[in-house]
Amino acid sequence: SGRWKPLMYLLKRSLFQSVFATCGASTGGVAGRCYARNDGVAHFDGKLVIENWNFSGEVNIVFSKSISLPPNGYIEYFDLD
């Protein structure tokens, strides 16, 4: 069946990128732990914005930070505080 193709296009646009960021949930008063990773061969300078989307389509910005990531698998860890 061809139903997997839309999923693959979505993943290609979002997850399968050279620069990637993700976070764990904040629980019990402890801030969520996040990381940004640069698997590319070039230095990356940009702005990281963590958003929370609900099922109604509303978007809330949870966290925003300027980042500078060296190339070749560099990982930067940070907390959402």
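Let's start with Ala-42, which counts as partly exposed at 48% relative accessibility. Keep in mind as we go that this is a predicted model. Ala-42 sits in the loop between β2 and β3. Look across from there to Pro-71: the two residues are 29 apart in sequence, yet their C-alpha atoms are 5.2 Å apart in space.

Gly-40 is found in that loop between β2 and β3 too, and at 11% relative accessibility it counts as buried, because the cut-off for that label is under 20%. Setting aside neighbours up to four places away in sequence, Gly-40 is in contact with Ser-18, Pro-71 and Asn-72. Its C-alpha also lies 8.6 Å from that of Gln-17, a residue 23 places away along the chain.

Asn-72 deserves a stop of its own. It is found in the loop between β4 and β5, the latter covering residues 74–79, and it is exposed, with a relative accessible area of 61%. Its backbone is worth a look as well: phi is positive, at about 65°, although the residue is not a glycine. As a rule, most residues other than glycine have a negative phi.

Now step back along the chain to Asn-38, in strand β2, which runs over residues 33–38. Is Asn-38 buried or exposed? With 1% relative accessibility, Asn-38 counts as buried. What does the polar end of its side chain have for company? A polar atom there lies 3.2 Å from the backbone oxygen of Leu-69. The list of residues that Asn-38 touches, not counting those up to four places away in sequence, includes Ser-18, Val-19, His-43 and Phe-44, along with Leu-69, Pro-70, Pro-71, Asn-72, Gly-73 and Tyr-74.

Leu-69 also takes us to the largest nonpolar core. This core has 9 residues: Cys-34, Ala-36, Leu-48, Ile-50, Phe-63, Ile-67, Leu-69, Phe-78 and Leu-80. Strands β2, β3 and β4 are the elements that give two or more residues to it, and β4 gives the most, with 3. The general background is familiar: in soluble globular proteins, nonpolar side chains tend to be buried together.

Pick out Ile-50 from that core and check what surrounds it. Beyond residues up to four places away in sequence, Ile-50 touches Cys-23, Asn-60, Ile-61, Val-62, Phe-63 and Leu-80.

A charged residue comes next, Glu-76 in strand β5. It has 18% relative accessibility, so it falls on the buried side of the 20% cut-off. Which side chain does Glu-76 pair with through a polar contact? The partner is Lys-65, and the contact between the two side chains is 2.9 Å. Apart from neighbours within four places in sequence, the contacts of Glu-76 are Cys-34, Tyr-35, Ala-36, Lys-65, Ser-68 and Leu-69.

Finally, the empty space. The largest pocket holds about 440 Å³. It is lined by 17 residues, and those closest to its centre are Ala-21, Thr-22, Leu-48, Val-49 and Ile-50. Strands β1 (19–23), β3 (44–53) and β4 (59–69) each supply at least two lining residues, with the largest share, 6 residues, coming from β3. By class, the lining has 12 nonpolar, 3 polar and 2 charged residues. Two names should ring a bell here: Leu-48 and Ile-50 are among the residues closest to the pocket centre, and both also belong to the largest nonpolar core.

Note on methods: Residues are numbered from 1 along each chain as its sequence is written. This is a predicted model: local features need pLDDT of at least 70, side-chain atom pairs count only at pLDDT 80 or more; totals for chains, interfaces and linings use all residues. Side-chain values use heavy atoms; hydrogens and water are left out. On a 1 Å grid over the protein atoms alone, a cavity is a set of points where a 1.4 Å probe fits but cannot get out, and a pocket is an open set with protein on both sides within 12 Å along at least five of seven lines; lining residues have an atom within 4 Å of a point. Grid points are joined across faces, edges and corners, and a volume is the space filled by probe spheres set on the points. Helices (H or I, at least four residues) and strands (E, at least two) are DSSP runs, numbered from the N terminus. Ala, Val, Leu, Ile, Met, Phe, Trp, Tyr, Cys and Pro count as nonpolar, Asp, Glu, Lys and Arg as charged, and the others, Gly among them, as polar. Buried means under 20% relative accessible area, exposed over 50%, partly exposed in between (1.4 Å probe, protein chains only). A polar contact is a pair of N or O atoms within 3.5 Å; within protein, one must be able to donate a hydrogen and the other to accept it, and residues adjacent in sequence count only if both atoms are side-chain atoms. Contact means heavy atoms within 4.5 Å. A nonpolar core is a set of buried Ala, Val, Leu, Ile, Met, Phe, Trp, Tyr and Cys residues joined through side-chain atoms within 4.5 Å.
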